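Trainee: Could you take me through the salt bridges in this predicted model? I would like a close look at one part, with the burial of each partner included.

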Amino acid sequence: NAEDKPIPGGSERILFVDDEKNLMEVWLAQLEFLGYRVMATQSSREALELFHNDPARFDLVITDQTMPHMTGDALAVKLMEIKPDLPVILCTGYSERISEEKAKELGIKSFVLKPINRRKIAETIRKVLDSQ
């Protein structure tokens, strides 16, 4: 049974972006619990600045799609202009304008529909990082 398997973790460095403070804090704690080194921000602009200042500092970016100032897909494109091989996981609500096909065309490595559960995000993180 898949639910009996331990939830996979890791030690990679993740930049987590979600404009909803409570979600950002929950996922920061969840990902740290799994062993990852996480920096979290509510601002796509701040995420871009953090990344721009030190692209080597992050192994993976997880971003929400719907955020003020810059959507998750737009942020992903800007981050991949800085670091072309950067894996990005985009989290989105079901009804939003971006499809999995569109995300893949942009170079986004994985697409996770909300609500996100810990096992799903943990397995997605490992799949994306292990395929690099």
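Mentor: Start in helix H5, where Asp130 and Arg126 sit four residues apart, about one turn of the helix. Their side chains form a salt bridge, with the closest N and O atoms 2.6 Å apart. The two partners differ in accessibility: Asp130 is exposed, at 55% relative accessible area, whereas Arg126 is buried, at 14%. The pair does not stand alone, since a network of salt bridges links Glu12, Arg126 and Asp130.

Helix H5 also holds Glu123 and Arg119, again four residues apart, about one turn of the helix. Here the closest N and O atoms of the salt bridge are 3.3 Å apart. Arg119 is buried, with a relative accessible area of 11%, while Glu123 is partly exposed at 32%.

Just outside the helix there is another kind of pair to consider. Asp18 and Lys114 form a salt bridge through their side chains, at 3.7 Å from N to O. Asp18 lies in the loop between strand E1 (13-17) and helix H1 (21-33), and Lys114 in the loop between strand E5 (110-113) and helix H5 (118-130), so this bridge ties together parts that are 96 residues apart in sequence. Asp18 has a relative accessible area of 4% and is therefore buried, the cut-off being under 20%. Lys114, at 24%, counts as partly exposed.

These pairs are among the eight salt bridges counted in the model.

How values were computed. Residues numbered from 1 in each chain as written. Predicted model: local features only at pLDDT ≥ 70, side-chain atom pairs only at ≥ 80, totals over all residues. Heavy atoms only, no water. Salt bridge = Lys/Arg side-chain N within 4 Å of Asp/Glu carboxyl O. Helix = DSSP H or I, 4+ residues; strand = E, 2+ residues; numbered from the N terminus. Buried < 20%, exposed > 50% of the residue type's maximum accessible area, 1.4 Å probe, protein only.
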